[in-house]
Amino acid sequence: MTDAEASHTPITVYSRPGCPYCYLLRRGLRRRGLTFTEINIWADPQAAAAVRAVADGNETVPTVHVGGQWLVNPKAATVDQLARG
């Protein structure tokens, strides 16, 4: 990990296998040099519950937690802006 990659707020991406929107977000974050933790909501019931709590009871992915904020299906640019402050 480079200093630039380590200099942003931690990002957690909640996703599920086969989700095309999750793929696009991951690709966008990587292109911006952002590192992130990814959690599969189908494999983690607590993560699925967290997503439902912020997505009106739905398991909408990708959902992202960054800088104390929850974002449902965000653009990579928005995540980047919040992560870099």
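**Exercise 1.** Locate Asp56 in this predicted model, then describe its backbone and its exposure.

*Solution.*
Step 1: Asp56 sits in the loop between α3 and β3.
Step 2: Check phi. For Asp56 it is near 55°, a positive value in a residue other than glycine.
Step 3: Check accessibility. The relative value is 76%. Exposed means over 50%. Therefore Asp56 counts as exposed.

**Exercise 2.** Stay in the loop between α3 (45-54) and β3 (63-66), and classify the peptide bond that leads into Pro62.

*Solution.*
Step 1: Pro62 belongs to this loop.
Step 2: Read omega for the bond from Val61 to Pro62. It is near 0°.
Step 3: The bond from Val61 to Pro62 is cis.

**Exercise 3.** Is Asn73 buried, partly exposed or exposed? Give its place and its phi as well.

*Solution.*
Step 1: Asn73 lies in the loop between β4 (69-72) and α4 (76-84).
Step 2: Its phi is positive, about 50°, although Asn73 is not a glycine.
Step 3: The relative accessible area of Asn73 is 42%. Buried needs under 20% and exposed over 50%. So Asn73 is partly exposed.

**Exercise 4.** Which residues of α4 are buried, and what covers them?

*Solution.*
Step 1: List the buried residues of α4: Ala76, Val79, Asp80 and Ala83.
Step 2: Look down the axis. These residues span an arc of only 100°, so they fall on the same side of α4.
Step 3: Find the cover. It includes β1 (11-15), α2 (20-31), β3 and β4.
Step 4: Go past the helix end. Gly85 follows α4, with a positive phi near 65°.

Terms used. Residues numbered from 1 in each chain as written. Predicted model: local features only at pLDDT ≥ 70, side-chain atom pairs only at ≥ 80, totals over all residues. Heavy atoms only, no water. Helix = DSSP H or I, 4+ residues; strand = E, 2+ residues; numbered from the N terminus. Buried < 20%, exposed > 50% of the residue type's maximum accessible area, 1.4 Å probe, protein only. Arc of directions from axis to C-beta. Contact = heavy atoms within 4.5 Å.
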